[in-house]
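Grab your viewer and work through a few exercises on this chain. Try each task before you read its solution.

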Amino acid sequence: MKSFFLTSILLLGSLTFYAQKEQKDTLNIPKKQYFTQKLTVPIRLDGVLDDKAWDDVQWAGDFLQYQPNEGKAPSQPTSFKILYDEKFLYVAYRCYDSAPDSIVKRMSRRDQFPGDFVEINIDSYHDLRTAFSFTISVSGVRGDEFISNNGNNWDDSWNPIWFAKTHTDNKGWTAEIKIPLSQLRFGNEPDKVWGIQVTRRIFRKEERSTWQKIPQNSGVWVSGFGELHGLKGVKPQKQVEIAPYTVAKTEGYKPEVGNPFATGRDSKMTFGVDGKVAVTSDLILDFTVNPDFGQVEADPSQVRIDGFQNFFEERRPFFIESRNIFDYQLTGSEAGDDYDSDLLFYSRRIGGSPHGYPNLKDGEFAQVPQNTSILGAAKFSGKTKNGWSIGLLESVTQEVSAVIDNSGSRRMEVIEPLTNYFVSRLQKDFKGGQTVIGGIFTGVNRDNNLNNTLHTGAYSGGFDFLHYWKNRTWYLRGNMVFSHVLGSKQKIYDTQTAFEHLFQRTNATEVSLDSNRTSLTGTGGTFRIGKSGGKSGKLGQVFKFETGVTYRSPELEVNDIGFMLTANEINHFTWAGLHFQKQVGIFRNARINYNHFSRWDFGGQFLYQAFNTNMHGNFKNNWRIGTGTTWMPYLISNTALRGGSSLRMPAGINHWVYVQSDTRKKINVGFEMFNYWGAEETSRQSNYSVSVRAQPLDAMTVSLGVGINHNWKKQDQFVSNTDFNGKQRIVVSEVDQNTLRYTLRLNYNITPDLTLQYYGQPFITRPTYKNFGYVVDPLNQSYDARFHRFNNDEIAFRNGNYEVDENHDGKVDYTFGKPDFNFVQFRSNLVARWEYKAGSEFYLVWSQGNTPDASADFESSIGSSLANNIFAGQARNIFLMKFTYRFLK
């Protein structure tokens, strides 16, 4: 391991030295230039290009197709002009169309890019890596994204304030946009050069054309932009935005007899404020005090029986905006392996459910908050002209107490301590982003450890690098991370024995369980080399690949502020693909990929091997299809027995396929199918999903998705860990789990700034367990030799528990509960949103949730059970009004 880190340090040092050398980085394509002028007379923003000011600058045009016929003339020409003044950048578009009646004017919410649109990307830093994107559709819908990593990341959570109007005529359509310079970031040099790219989409042809030619297979985007010249004397603007808000909320639910906290109705009013302040021309301070996210869509229902935690996407506006700066994936490989969700910073940890629950006596009732309240949070982020990217995040969640009532006498019990979360991120670009070196540090500090159930402190950090060469088509990238957690002896013992670590595993030679430890320190890292583009062949094909290794030491623990599925693994991955970006036969574009994976633990035990191939194609009629197969000849799980020995799993093979009809049509359909077969008929899994999306009006879309899942295992499902004659006895069983999910969405866009959205999801999952047994020889090559299945003389079900007489002496040796369950849930949101003034919004929200007790309904099918229980009892209804007003300077 020491030699590993020494090699890494030497490698990073050589990269830093190499980054200082002058290197050629060009696509060998001349960069277009546009020369702008300062505005001399006012512009009335109405989408009609009749203002005299536009006569001061020339039209730019000569677009080329980006897709489907790269490099050819577009079917319809496009032109644009750019002007500026001390406060704004102005852009005018003329989108010619010989068939104006065929222009598609679909509506949607912001950032959904419906119908025909035109877009400008602005690299105002001129760092050749990052840019700001502004999109306007012919229907007036705005879209905006922050582009990073030279076009590999597009973050639509960035929502600047800007203005746009459109107009249609007999020549096509026109648009005018006005971008406040305060929403951009740039240096203070007197004569500026910015990178720009303009893209137009013709919806009916699914055609995209660009002003600056950038080949699809080049593997670059921002670094290939054309240039905007003529910006003289433009000074960075100080951005100040303050948005106070108020929320009125009432909840209705089924009252509970005798419970003073469940009267059937609760109401409250809260106040808070959001803000954005430009500390310098490059760095922005975002803050929120007492935030409320009641308008955010509910998480989808998820239930897992394999022990792994669920991952939910971040949806809260404060945390998703500018999140690209704080993203730090532990792996993030192009191969798409199992670890792409592992993050050093997972913002859903902030403001989550309390970790504790009160200890109640008979006859007591408790009022328990569902989420921890965020007192405040602040982000300090941006990028300087000399290539430093900076991100700081600080958040404090308040101490949470449950109120406990005992016949009118009340007491408080802390269930979540006062907690501080901190994240810092720093990156430095060299030579226009050809080399990037950075680091991250996170910290969680708690006021107390909640009776030894929490870490008092949790810290993690990392060092990462990225280097491109050969016109940015080849890259070497990697990171090294560490973690350090502190706590009581009991808490560190619990961490060692938690599902992610399992130090108590009987065949774990690489670790030892120590009940006296009060801290735990671990490391991890990923190193990979790949090719992301290059010259195209005669058929427009380009070869891409990536190979690398990622590891997590047994002690690595980041789940206080990050997300990690499991530790103690070393993984090798390789991905290779042949991508056809031009039309080939019946396809507009297509790709063929190959992957293989291998895995070991730190004890040297070989855990996993898999080989995958997959193919994807877009037909000329814009239908899409894809299929793939993965063969797993070898698999050992260190987690399946929850701390018992490793368990050899059966070899298996899976196959998946999807078909998606043309999404431009008023009605489109998607179908996905996944099937897995375990060797010797030891397991079977099948997933089927169908989605239908209809657009009866340009302003309305309705979609319905149905998902059906069946998961069956013959014997290796963990049930219980118990003791028999002083030895560990691991009970397993056959399991048959069926899941049914419906997802309904409705979007009605009255105007681009007045929208109505509905989301509803009924969900049911039912695992049933039978044919119980225990583990005998977990690593035996013979599947049946790994387990002993109880016969009828050894097991009986009495009084809600299974009783086992393993030695046939007529006495109960041990018991375990019935693991079957029937989980039914319904979640929905109805949100009316009105942006009545730029950046100021009014929300009306109705949320409904119902999780009925359906544990006794095992006789009916899951479809009938869902129908019988989904509206059983009284659901919890939440009605909310939220009003924000944004003050701008």
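Below are four exercises on this predicted model, each with a worked solution.

**Exercise 1. Classify D286 as buried or exposed, then find its polar partner.**

Solution.
- Step 1: Locate the residue. D286 sits in strand β17, which covers residues 283-289.
- Step 2: Check the accessibility. D286 has a relative accessible area of 7%, and the cut-off for buried is under 20%, so D286 is buried.
- Step 3: List the company it keeps. Skipping neighbours within four places in sequence, D286 is in contact with G275, K276, F318, A377, A378, K379 and S381.
- Step 4: Pick out the polar pair. The side chains of D286 and K276 are joined by a polar contact of 2.5 Å.

**Exercise 2. Do the same for H788: which class of exposure does it fall in, and which side chain does it pair with?**

Solution.
- Step 1: H788 belongs to strand β40, residues 787-789.
- Step 2: Its relative accessible area is 24%; partly exposed runs from 20% to 50%, so H788 is partly exposed.
- Step 3: With neighbours up to four places away in sequence set aside, H788 is in contact with G773, Y774, V776 and E794.
- Step 4: From that list, E794 is the one to zoom in on: its side chain makes a polar contact of 3.1 Å with the side chain of H788.
- Step 5: For a sense of scale, go to T701, 87 residues from H788 along the chain; the two C-alpha atoms are 55 Å apart.

**Exercise 3. Describe the largest nonpolar core and say which element gives it the largest share.**

Solution.
- Step 1: Count and find the hubs. This core has 45 residues, and F80 and Y93 have the most contacts inside it.
- Step 2: Map the elements. Those giving two or more residues are β4 (78-84), β5 (88-96), β6 (117-123), β7 (131-137), β11 (172-180), β12 (191-202) and β14 (226-232).
- Step 3: Rank them. β5 has the largest share, with six residues.
- Step 4: Look around one hub. Beyond four places in sequence, F80 touches residues including Y34, W59, F63, Y93, I196 and W211.
- Step 5: Don't merge it with the other one: a second, separate core of 29 residues includes F326, Y328, V481 and I561.

**Exercise 4. Find the residues of the nonpolar surface patch and the strands that supply it.**

Solution.
- Step 1: The members are I667, V669, F671, Y688, V690, V692 and I708, with about 550 Å² of accessible area together.
- Step 2: β35 (667-678) and β36 (683-697) each supply at least two of them.
- Step 3: Test one member. Y688 lies in β36. Its relative accessibility is 33%, so Y688 counts as partly exposed.

Methods. Residues are numbered from 1 along each chain as its sequence is written. This is a predicted model: local features need pLDDT of at least 70, side-chain atom pairs count only at pLDDT 80 or more; totals for chains, interfaces and linings use all residues. Side-chain values use heavy atoms; hydrogens and water are left out. Helices (H or I, at least four residues) and strands (E, at least two) are DSSP runs, numbered from the N terminus. Buried means under 20% relative accessible area, exposed over 50%, partly exposed in between (1.4 Å probe, protein chains only). Contact means heavy atoms within 4.5 Å. A polar contact is a pair of N or O atoms within 3.5 Å; within protein, one must be able to donate a hydrogen and the other to accept it, and residues adjacent in sequence count only if both atoms are side-chain atoms. A nonpolar core is a set of buried Ala, Val, Leu, Ile, Met, Phe, Trp, Tyr and Cys residues joined through side-chain atoms within 4.5 Å. Patches are made of residues with over 30% relative accessible area and no salt bridge: like charges are joined within 9 Å, nonpolar side chains (Val, Leu, Ile, Met, Phe, Trp, Tyr) within 5 Å. Accessible areas come from the Shrake-Rupley method with a 1.4 Å probe; for residues, only the protein chains shown count as cover. A salt bridge is a side-chain nitrogen of Lys or Arg within 4 Å of a carboxyl oxygen of Asp or Glu.
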